[in-house]
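This report concerns the pockets of a protein model and the strand arrangement of a sheet within it.

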Amino acid sequence: MPGSAVHFGGGNIGRGFIAELLHETGYEVIFVDVVDKLIDDINATKSYTITEVGAEGKKTKTITNYKAINSKHNMDATVDAIANADIVTCAVGPNVLKFIAKPIADGIAKRTASKPMAVIACENMINATDKLRDFIVDEKNMSAETKSELPKRAEFGNSAIDRIVPTQPTDAGLDVVIETFFEWCVETTGFKSGPPDIKGIHWVDDLEPYIERKLFTVNTSHATAAYFGYHKGIKTIHEAMADEEIKQEVNEALQETSHLVTGKHGIDEKEQQKYVDTIISRISNPALEDVPARVGRAPIRKLGRKERFIGPASQLAEQGYDVKALLKGATMALRFQNVEGDDESKELAKILSEQSAEEATTTLCGLEKDHPLFPKVVECVKQVQSEKK
């Protein structure tokens, strides 16, 4: 029988996606977060609802058998919960992984169960679990003795998640509105004792084709629509996708990423086009209302070396492919500056105002100066910097 699963992050993805599948498998879900009100609200309720929205309509599910721990105030309870858990997952954002590593390391050190605990990071990031594992086994977090016994205590699997969580109603409380469609792919290779029992996971031997197809189709299209929509002053993503110019920009970006995905991973072109059509339909769905300012937030991360614009563009450039649409999307992301409530957009503005185009390209995109994409991105940066003068 399933025991307990610790999930870091009590937000909408945590409650509305990961916890749903863990709950349906039969686990007690233990949320770990640092937001006092959220923790109190979770512990004050015995259930919350998930409303799944898709082309076929709405479906409501009730989630029970959960509790929450505030790791800011109760680290001992957090570590104990991890030590006794079957599974640890997280949906906290890539920048927070380093902060949750220490309690996971301490929980692994206290573990006495014979079967290793499964650790799966559920982030919009390539090989996020590998990154989390690196933080966990860092000498500041884990002793050499525990590290030597790690294979007996914990096993790690990279994953790719795909599910749209729209803007939530202001009075939603713990309830979550979420897209019906989902995909959660997890790599089997790290689970030598056998993959954990979680309903809804698609287990794969090699995650890279799935994670790149998802990141360079779903995330690239969503971000492209958001940045172009924000620049035009359009209020929602589905309204942006109804704009013929923006829809064309999205389609052209996906033509480029599809060229990479099909060529690199041997995915059939018709299959990829069907996937693209599905994604376009999903982000155009007015029932999944979302806003460009939310989808576009954290532009520095989204301009990163392995992210949704520069990731595919750099690989295509290495093949001698003339990347145009992805660079237009990246240029729009560079314009996403000083957006209320988004610290990265403010930091982006600071970088672009204080650094040369070449320095900013290295800082933001991590491109080597001799990379074939580097001079093209420099031109994009110069263009945006000139607009501020």
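The second largest pocket holds about 500 Å³ of space. A pocket here is an open set of points on a 1 Å grid over the protein atoms alone where a 1.4 Å probe fits, with protein on both sides within 12 Å along at least five of seven lines; lining residues have an atom within 4 Å of a point. The volume is the space filled by probe spheres set on the points, which are joined across faces, edges and corners.

This is a predicted model, in which local features need pLDDT of at least 70 and side-chain atom pairs pLDDT 80 or more, while totals for chains, interfaces and linings use all residues. Residues are numbered from 1 along each chain, and side-chain values use heavy atoms, without hydrogens and water.

| Pocket | Residues nearest the centre |
|---|---|
| Largest | Ile13, Gly93, Arg294, Arg297, Arg301 |
| Second largest | Pro94, Met125, Lys131, Arg301, Glu307 |

In the second largest pocket, α17 (357-365) supplies the largest share of the lining, three residues. The largest pocket encloses about 1,500 Å³, and α8 gives the most to its lining, with four residues. Helices (H or I, at least four residues) and strands (E, at least two) are DSSP runs, numbered from the N terminus.

An open sheet of six strands follows the order β5-β2-β1-β6-β7-β8, with parallel pairing; strands pair if DSSP finds at least two bridges between them. Because β5 (66-70) and β8 (154-156) each have a single partner strand, one side of each is left without a neighbour in the sheet. Five bridges join β2 (residues 28-33) to β5, and Ile30 has Lys67 of β5 as its bridge partner.
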